[in-house]
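Trainee: I am new to this structure and would like a close look at a single part of it. Could you take me through the surface patch and what lies around it, step by step?

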Amino acid sequence: MKLKFLKHRWQRRLARALTGTLAAVLVLGFFINLYWSPILAKTVKKMVLNSTDSLYSINFTDAELHVLQGKIMLFNVSLQPDMQVYATKQKLNLAPNNLYRLHIKRIVLNHIHPFKLYFGKRLDIGEVILSRPEIAATYRLNHTKDTAAKDSRTLYQRIAKTLHSIHIGYIGLNDVQFKYTDYSAAKPATSQFKEMNLNATDLLIDSASQTDKSRFLYCKDITAELNNLSGKTLNGLYSYKMKLLKLSTRTSQLNVTGINLKPIEPDDFFRISKRDRFTVSIDSVQLNNFDFLSYHKYRTLNATSMSI
C-alpha cells in the first residue's frame with residue numbers, strides 16, 4: 001500500500017513552510033550563539049572583577065549559548081586571584097584571610113533567559129551544574145576582625161552598572177576536589193578532601209536582597225557535605241577521622257558523625273608536649289546556631305548549644 005502523503009498542493013505548501021521555518025530557526029539560533037557568546041563572556045568577566053574589587057578574574061576557553069535549549073555551557077573555567085592586588089590590600093590591612101583558586105572542566109547553565117540579560121540586564125538561570133570542580137583554598141590570618149574597607153558598597157551596588165539582578169534557582173557542585181592549606185601556624189598544614197558535595201538554592205542579588213539577613217551569601221540555603229574526612233591537627237599531635245560532616249546555612253546547624261581523635265605514640269607525644277594525652281571517640285555532635293562566618297574568617301567557634 002503506497003502512502004499518499006503530500007498528494008495535495010496545500011500539503012506540499014505546508015511542508016515547505018514548516019521546513020523553511022525550522023531551517024530559519026536553526027540558522028537564527030546558530031548566529032545568535034555566535035553573537036551572544038562574546039557578550040556573555042564579557043559580562044561574566046566584568047561582573048567578577050567588579051564584585052571582587054579586582055581581586056579575582058575569571059577566564060574560560062569557550063562559551064556556547066543554545067537558545068532553543070535554553071542552555072549556556074562554559075568550558076575550562078578558571079578563577080584566579082591577582083596577587084598584586086592582594087599584596088596591595090595586605091598593606092592597607094584590607095586583604096581577606098582566605099584566598100581561592102578554582103578550575104572547572106565544564107559549567108552547564110540550564111533554563112536561561114538570554115533576552116532578559118540583553119534587554120533588561122537581568123541574569124535569570126534555572127540551575128547551574130559544575131562538573132568535577134577543583135578548589136584550592138589558603139588561610140592566612142591578616143586580621144582578627146572586619147576592617148573598614150574604602151569601598152563600602154554592597155555586592156549589588158558594585159555590579160548594578162553591569163547587571164540589575166542575578167537569580168539562580170539551584171547550584172550544584174558534586175565530587176568536589178578540595179585542597180586547603182592553613183598558614184596560621186609556624187608550619188603550613190594541608191588537607192585534601194575528595195568526597196565533598198556543595199548545593200545552593202535560590203541565589204538572588206538585587207536591590208532588595210542586598211539587605212536580606214535571612215540569606216547567606218545571597219542564597220536561601222547552602223548545604224555542604226564532607227564524607228570520610230581525615231587529617232592531622234596543626235600541632236601534629238593527633239590524627240582525626242570523621243565519617244560525615246554536614247552544614248546547612250538555613251538551619252545554622254553543623255552535624256558531625258563518626259568522630260575519632262587518636263594521638264601519636266607516647267614517646268613522640270611527650271617529647272613535644274607535657275599536656276595530657278587522650279583518645280576520643282564520639283558517635284555524633286550537633287552545633288546549633290553555628291556561626292559559620294566567624295569560623296570561616298577567624299577560626300573562632302561560636303554556637304548557642306552543642307549536643308554530643
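Mentor: In this predicted model, F115, Y118 and F119 together make a nonpolar surface patch of about 370 Å². Of these residues, F115 has its place in helix α3, a helix that spans residues 114–120. An α-helix has 3.6 residues a turn, so residues three or four places apart point the same way. That general rule is useful to keep in mind when you look at the numbering of F115, Y118 and F119, the residues that form the patch. F115 has a relative accessible area of 45%, and because buried means under 20% and exposed means over 50%, F115 counts as partly exposed.

Following the chain onward from the helix, you come to K121, which is found in the loop between α3 and strand β5, the latter covering residues 122–131. K121 has a relative accessible area of 35%, and so K121 too is partly exposed. If residues up to four places away in sequence are left aside, K121 touches K116, K161, T162, L163, H164 and S165. With one of these, K161, there is a polar link, since the side chain of K121 reaches the backbone oxygen of K161 at 3.4 Å. A further residue to look for here is I166, which lies 45 residues from K121 along the chain, while the C-alpha atoms of the two are separated by 8.9 Å.

For the setting elsewhere in the chain, turn to the strands. Strand β1, residues 56–59, has a covered face made by Y56 and I58 and an uncovered one made by S57 and N59. In a regular strand the side chains alternate between the two faces of the sheet. Strand β2, residues 62–66, also alternates, with A63 and L65 pointing to one face and buried, whereas D62, E64 and H66 point to the other and are not buried. Both strands pair with β3: β2 runs antiparallel to β3, which covers residues 71–81, and is joined to it by 5 bridges, while β1 and β3 pair in the antiparallel sense over 4 bridges. To place these pairings by eye, find H66, whose bridge partner in β3 is K71, and then I58, which stands opposite L79 in β3.

Lastly, look at helix α2, residues 83–91, where at the start a side-chain oxygen of D82 reaches to within 3.0 Å of the backbone nitrogen of Q84. Just after α2, N93 takes a positive phi of about 60°.

Note on methods
Residues are numbered from 1 along each chain as its sequence is written. This is a predicted model: local features need pLDDT of at least 70, side-chain atom pairs count only at pLDDT 80 or more; totals for chains, interfaces and linings use all residues. Side-chain values use heavy atoms; hydrogens and water are left out. Helices (H or I, at least four residues) and strands (E, at least two) are DSSP runs, numbered from the N terminus. Buried means under 20% relative accessible area, exposed over 50%, partly exposed in between (1.4 Å probe, protein chains only). Contact means heavy atoms within 4.5 Å. A polar contact is a pair of N or O atoms within 3.5 Å; within protein, one must be able to donate a hydrogen and the other to accept it, and residues adjacent in sequence count only if both atoms are side-chain atoms. Patches are made of residues with over 30% relative accessible area and no salt bridge: like charges are joined within 9 Å, nonpolar side chains (Val, Leu, Ile, Met, Phe, Trp, Tyr) within 5 Å. Accessible areas come from the Shrake-Rupley method with a 1.4 Å probe; for residues, only the protein chains shown count as cover. A salt bridge is a side-chain nitrogen of Lys or Arg within 4 Å of a carboxyl oxygen of Asp or Glu. Two strands pair if DSSP finds at least two bridges between them.
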